[in-house]
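User: I am new to this structure. Please take a close look at the ligand site for me, and start with the backbone on the way there.

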Amino acid sequence: MSAPPILDFSPFYSNDVAAKAELVRKVKDCCLHNGFFQIVGHQVPAELQTKIFDCSKAFFDLSLEEKSKVNKDLNTWNRGYELLRSQMLEVGTSPELKEGFYIGEDLPTTHPYFIEKKLNSGPNVWPSTLSPSPLSLEEFRDTTTAYYNHVVSLAKDILKVLALTLDLEEDWFNEFTDGAVATMRLLHYPPQEKDSDEKLSRGIGAHTDFGAVTLLLQEEVDGLQVWEKETKSWLDVVPTKGAYVVNLGNMFMRWSNDRYISNLHRVINKSGKERYSIPVFFSGNPDYVINCLPNCCAEGQNPKYPPVTVADCVGGSYKESYGRAAAHKAEQAQKGTMTAVGNSVPIAV
Ligand SMILES: O=C(O)CCC(=O)C(=O)O
Ligand SMILES: [Fe+2]
């Protein structure tokens with residue numbers, strides 16, 4: 001088996017019943033194998049994909065002082081700038097060589113999700129300048145918002161296909177996708193130093209994603225790798241222009257009673273170039289209760305996991321990973337090897 005296969009998603013939008021059934025079959029194979037596939041033939045405009053990378057570069061080119069004005073530590077609902085080395089997903093490695101900018105649905109402070117502190121919900125935060133980039137702040141906001149909406153809509157279409165892979169009605173996930181929370185992060189991975197310790201250095205450490213499904217757009221620089229347990233090796237996911245790398249998260253694996261896989265992946269940027277990528281994490285309606293999916297538990301057997309709300313399932317994983325980075329940094333600071341300023345990232349759920 002090689003890197004995640006590239007599937008043509010366009011039959012989902014056509015009347016070609018046979019081609020759609022074939023797509024469903026291929027997606028199902030991937031879900032059972034390692035939970036990763038790539039798609040082309042979606043409806044996210046190529047032009048928007050290019051524009052959002054321009055926005056991402058303009059943001060990360062800002063001075064640290066400017067980026068720090070929208071530091072995500074300044075709010076508790078996971079919006080804004082995440083410093084280099086804030087996260088540590090792989091136990092035993094160094095904090096990760098990446099910086100990020102989090103955007104979600106722009107909910108007003110009067111929205112019930114915000115009032116009730118529901119999973120990563122609240123207003124977006126925006127930089128106050130993009131200078132010297134020629135992009136205006138309005139273009140930045142409009143582009144990132146339009147892109148986010150397109151990808152969230154694609155995620156819902158992918159869930160329709162996932163329903164079909166489980167012999168369920170196409171709209172089976174509607175209650176889960178209505179009022180869903182999804183978080184997008186613009187990511188920038190500076191090139192790893194050539195002499196950095198390979199065993200410890202990570203753009204993002206080996207991890208599985210927390211939510212239901214992740215849709216990732218990579219720019220042209222590679223670095224993403226997916227674990228293959230059969231050969232115990234890391235497979236490179238070479239960027240394909242315009243394609244989404246789609247993977248199932250831990251919550252979907254739990255939901256399917258471990259029938260479908262949430263697989264390990266990581267990023268090591270050895271290219272010597274700046275790497276940019278944009279994952280969108282689709283979590284679902286925070287109040288929805290995840291309870292073993294139909295056709296995922298053998299007759300007469302009990303599901304492996306008790307019911308859990310989306311908010312508890314996804315929120316718990318966030319807390320754990322950021323806590324790990326904070327603890328590591330505190331330890332380093334105590335040893336006098338690193339300052340502990342601005343590293344802990346509390347997440348409200
Ligand atoms: O940047 C990438 O290619 C992967 C990012 C990722 O795995 C994540 O943010 O969870
Ligand atoms: Fe990931």
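Analyst: Just after helix H5, aspartate 167 takes a positive phi of about 60 degrees. The model is predicted, so this angle is a computed value. H5 itself runs from 137 to 165. The helix has 29 residues. From its first C-alpha to its last it reaches 42 Å. That is close to the 42 Å expected at 1.5 Å a residue.

Ahead of H5 there is another backbone detail. The peptide bond from serine 131 to proline 132 is cis. Its omega is near 15 degrees. Proline 132 sits in the loop between helix H4 (112-115) and H5.

Two other residues also have a positive phi, though neither is a glycine. For arginine 85, phi is near 60 degrees. This residue is in the loop between strand S3 (80-82) and strand S4 (99-104). Its relative accessibility is 36%, so arginine 85 counts as partly exposed. For lysine 232, phi is near 50 degrees. Lysine 232 belongs to the loop between strand S8 (224-228) and strand S9 (233-236). At 65% relative accessibility, lysine 232 is exposed.

Now the site itself. Which residues coordinate the iron ion (ligand 2)? They are His207 through NE2, Asp209 through OD and His265 through NE2. The distances are 2.1 to 2.2 Å. Along the chain, these donors follow the spacing H-x1-D-x55-H. Histidine 207 is part of strand S6 (residues 204-207), while histidine 265 is part of strand S11 (residues 265-267). The two histidines are 58 residues apart in sequence, so the pair ties together separate parts of the chain.

Are these histidines buried or exposed? Histidine 207 has a relative accessible area of 9%, under the 20% cut-off, so it is buried. Histidine 265 is buried too, at 7% relative accessibility.

Aspartate 209 has a further partner. Its side chain makes a polar contact with the side chain of asparagine 247, at 3.1 Å. Asparagine 247 lies in strand S10 (residues 244-248). With a relative accessible area of 3%, asparagine 247 is buried. Aspartate 209 therefore meets both the iron ion (ligand 2) and, through this polar contact, asparagine 247.

Next comes ligand 1. The shell around it holds 14 residues. Arg185, Tyr189, His207, Arg275 and Ser277 come nearest. His207 thus appears again, after its role as an iron donor.

Three side chains place an N or O atom by an oxygen of ligand 1. For histidine 207 the distance is 3.0 Å. For aspartate 209 the distance is 3.2 Å. For arginine 275 the distance is 2.9 Å. How much of ligand 1 does the protein cover? On its own, ligand 1 has 290 Å² of accessible area, and the protein covers 97% of that.

Which elements give two or more residues to this shell? They are strand S5 (181-189), S6, S11 and strand S12 (275-284). S12 gives the largest share, with four residues. S6 and S11 were met above as the strands of histidine 207 and histidine 265.

By type, eight residues of the shell are nonpolar. Another three are polar, and three are charged.

To recap the link between the two ligands: His207 and Asp209 coordinate the iron ion (ligand 2). Histidine 207 has a side-chain N or O atom 3.0 Å from an oxygen of ligand 1. Aspartate 209 has one 3.2 Å from an oxygen of ligand 1.

How values were computed. Residues are numbered from 1 along each chain as its sequence is written. Chains are lettered from A and ligands numbered from 1 in the order in which they are written. This is a predicted model: local features need pLDDT of at least 70, side-chain atom pairs count only at pLDDT 80 or more; totals for chains, interfaces and linings use all residues. Side-chain values use heavy atoms; hydrogens and water are left out. Donors are N, O and S atoms within 2.8 Å of the metal (3.2 Å for Na, K and Ca); water is not among the atoms, so sites may look incomplete. Buried means under 20% relative accessible area, exposed over 50%, partly exposed in between (1.4 Å probe, protein chains only). A residue is near a molecule or strand if one of its heavy atoms lies within 4 Å of it. A polar contact is a pair of N or O atoms within 3.5 Å; within protein, one must be able to donate a hydrogen and the other to accept it, and residues adjacent in sequence count only if both atoms are side-chain atoms. Accessible areas come from the Shrake-Rupley method with a 1.4 Å probe; for residues, only the protein chains shown count as cover. Ala, Val, Leu, Ile, Met, Phe, Trp, Tyr, Cys and Pro count as nonpolar, Asp, Glu, Lys and Arg as charged, and the others, Gly among them, as polar. The expected span of a helix is 1.5 Å times one less than its number of residues.
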